[in-house]
Every structure is written in structure tokens, then in C-alpha cells.
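Thank you all for coming; I would like to take a few minutes to walk through one model with you. Please have the sequence and the view open while I talk.

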Amino acid sequence: MSSFSTQVAIITGAASGLGLVIAHKLLNEGASVGLFDLNEKALNEEFVGNLDKEELIGLDVTDEQQVEKGVARVVERFGKVDILINCAGITGTTGIKSHEVDTMNLKKVFDVNFMASYYTSKAVLPYMLANHYGRILHIASIAGKEGNAGMLAYSASKAAVIGMTKVQGKEYAETGITVNALAPAVIRTPLVDAMPESQVKYMTDKIPMKRCGTLEEAANMAAFIVSHENSFTTGFTFDLSGGRATY
Ligand SMILES: NC(=O)c1ccc[n+]([C@@H]2O[C@H](COP(=O)([O-])OP(=O)(O)OC[C@H]3O[C@@H](n4cnc5c(N)ncnc54)[C@H](O)[C@@H]3O)[C@@H](O)[C@H]2O)c1
């Protein structure tokens, strides 16, 4: 893969888990990065190495105005935005059936997982259109493809992300911008550790490889998806599920 050294990437949820390793991967490959996370303290603790290439922004991705300002700040600092990777996400309450779901909790999950990915993509697209180039990656989930019992809010919000990816892929197919998603199964992060163990067992038992994915596997695949070389695939949800999904 060619280097990311002339590229500018925005990564949400960069203070933890997948966002953290993907941000470090792109930084190591030479990218300049604008990193968004609600947890500004963790962001500042995790990224102290290369301040020439890092713009650390504590913001709530569910606030459209904060997202617009954050994107504008990155473009002001680095001159453009080539890549957007939406990693910020929450599960909401899990291990419950649909009749037990708290509606406010479901709405919160949709706000973070779906609405925020819509806000960030809406904010970066005008800059990408002006440059005739862009790579957008929404981190979805196997839960959005398959539906995990006990996880209505999460599964439905990720299915919405997959739906948006299909639409956006087609809408910008002739512009030099690709929009794809990634659907991981279980990767051990704080998001998974916060779930009931029975829910995590339900998900991992379904993985034919009988193991969780690694952060390195997620970072490598994400880097390929947003690379220049990945130029003839758009609107697609890449699989990272150890064989659970074969489509
Ligand atoms: N870990 C897995 O097994 C797994 C599997 C499938 C999909 N995913 C998806 O991958 C993405 C990353 O998950 P993770 O496991 O790294 O989780 P994580 O909890 O380790 O990291 C998520 C980050 O998002 C940030 N965040 C949450 N709400 C925010 C908000 N409103 N504004 C700004 N930042 C916010 C958190 O502060 C945190 O740093 C999520 O979208 C998740 O649904 C994870």
C-alpha cells in the first residue's frame, strides 16, 4: 500500500479501542489526523507523540454543530480532509428483549451510532467533493448484518449505518469518493468488556474461528479500506467476523 503521508484523516472515537489503534496505524503510515472523542482526557493521554500531525478535539459527535466546527478546525489546520473513519459507538443496554428496551436508551444509541455518522459524513463530504477525492469508512457491526438477540438498539442502529453506506456509496460513486463500512464480530475492547458476560458469550460462540478478532486485524483492514488502492469498491460492508458472515 502506498503511504498516507500526504493524507489527512478524521477519526472519531479515537481515544479507545478500534479508533485508537486505527489512528495510531494511520499516524505511523504518515497521515495527519484530526481525532474526535468525548473523552478528551484519554485522547490527550494516548496521543502525545507527534503533535505536528495531530489535532486532538474533545467533542460530542451527537452534536451536529460541534461536528461541523471540529471538521472545519481540521481543514483549517491541515488544509483538507481525505479520510473519515467513524469509530465512536456505544452498545446501550444489552442482554434484554425488545419489550424491555428503554426508549430513551435506544434513541441515545441511534444518536451515537447512526446520527453521528450521518453528521460527520455530511460535514466532510463538501470538502471531499471539492478535492474530487475521499474515503469514508463507517464502523458498523456483524450485529447490523445478523441481528444479535438482546441487542435491539445496537443491532438496528448498525443496520441503519449499513443502509446509509449503501446509499452514500451510490450517491458519490462518480466523484472519486468511496463510502464503505466494516462489520466486525467481537474484538476485546472496553465496549465489549462493559457488556454482560452472557451476551459476550452469545456473540463469540457464533464465530466459526472460535476466537475474537484482534485490534491489529481491525486496523489493517481499516487502513486498506481507506487506502488509495481500494478504488473500485464502494457502498460495501467489509466482513471481519472470523467466518460468521459469508456475504
Ligand atoms: N469491539 C467490538 O467487538 C466491536 C464489534 C463490532 C463493532 N464495533 C464498533 O466499533 C466501534 C469502536 O468500538 P470499540 O470497541 O473500539 O469501543 P470503545 O468503547 O473502546 O471506544 C469507543 C470510543 O467512542 C467514544 N465515544 C462514545 N460516544 C461518543 C460521543 N458521543 N462523542 C464522541 N466520542 C464518543 C468513547 O469515548 C470511546 O473512546 C464502535 O462503533 C463499535 O460499535 C466494535
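Let me begin with helix 6, residues 152-171, where the buried residues are L152, A153, Y154, S155, S157, K158, V161, T165, Q168 and G169. The elements that cover these buried residues include helix 4, strand 5 (134-139), helix 5 (142-146), strand 6 (177-184) and strand 7 (237-240). As for its geometry, the 20 residues of helix 6 should span 28 Å at 1.5 Å a residue, and because its end C-alpha atoms are indeed 28 Å apart, the two values agree.

I should say at this point that this is a predicted model, and that the mean pLDDT of the chain is 97, with 99% of its residues at 70 or more. Confidence is lowest in helix 8 (residues 197-204), where the mean is 92, and highest in strand 4 (residues 83-86), where it is 99.

Turning to helix 1, its twelve residues reach 17 Å from the first C-alpha to the last, which is close to the 16 Å expected. Nine of those twelve residues are buried, so helix 1 is largely enclosed by the rest of the structure; the buried ones are G17, L18, G19, L20, V21, I22, A23, L26 and L27. Just after this helix, G30 takes a positive phi of about 105°.

Some of these helix 1 residues reappear when we look at I11, which touches G19, I22 and A23, together with V33, L35, I85 and C87, leaving aside residues up to four places away in sequence. I11 is also, with I10 and I85, among the residues with the most contacts inside the largest nonpolar core, which has 67 residues. Helix 4 (residues 103-131) gives the largest share of this core, namely ten residues.

Which residues, then, are closest to the ligand? They are G13, G17, G89, T189 and L191, out of 27 residues that surround it. Helix 1, strand 2 (32-37) and helix 7 (190-193) each supply at least two residues of that shell, and by class the shell has 16 nonpolar, nine polar and two charged residues.

Finally, consider A218, which is found in helix 9 (residues 215-225). A218 counts as buried because 23 other C-beta atoms lie within 10 Å, the cut-off being 20 or more. Beyond residues up to four places away in sequence, A218 touches L18, V21, P184, I187, G213 and L240, whereas its C-alpha atom and that of M195, 23 residues apart along the chain, are separated by 20 Å.

Key. Residues are numbered from 1 along each chain as its sequence is written. This is a predicted model: local features need pLDDT of at least 70, side-chain atom pairs count only at pLDDT 80 or more; totals for chains, interfaces and linings use all residues. A nonpolar core is a set of buried Ala, Val, Leu, Ile, Met, Phe, Trp, Tyr and Cys residues joined through C-beta atoms within 7 Å. Helices (H or I, at least four residues) and strands (E, at least two) are DSSP runs, numbered from the N terminus. Two residues are in contact if their C-beta atoms, placed from the backbone, lie within 7 Å. A residue is near a molecule or strand if its C-beta atom, placed from the backbone, lies within 6 Å of it. Ala, Val, Leu, Ile, Met, Phe, Trp, Tyr, Cys and Pro count as nonpolar, Asp, Glu, Lys and Arg as charged, and the others, Gly among them, as polar. The expected span of a helix is 1.5 Å times one less than its number of residues. pLDDT is the predictor's confidence in each residue, from 0 to 100.
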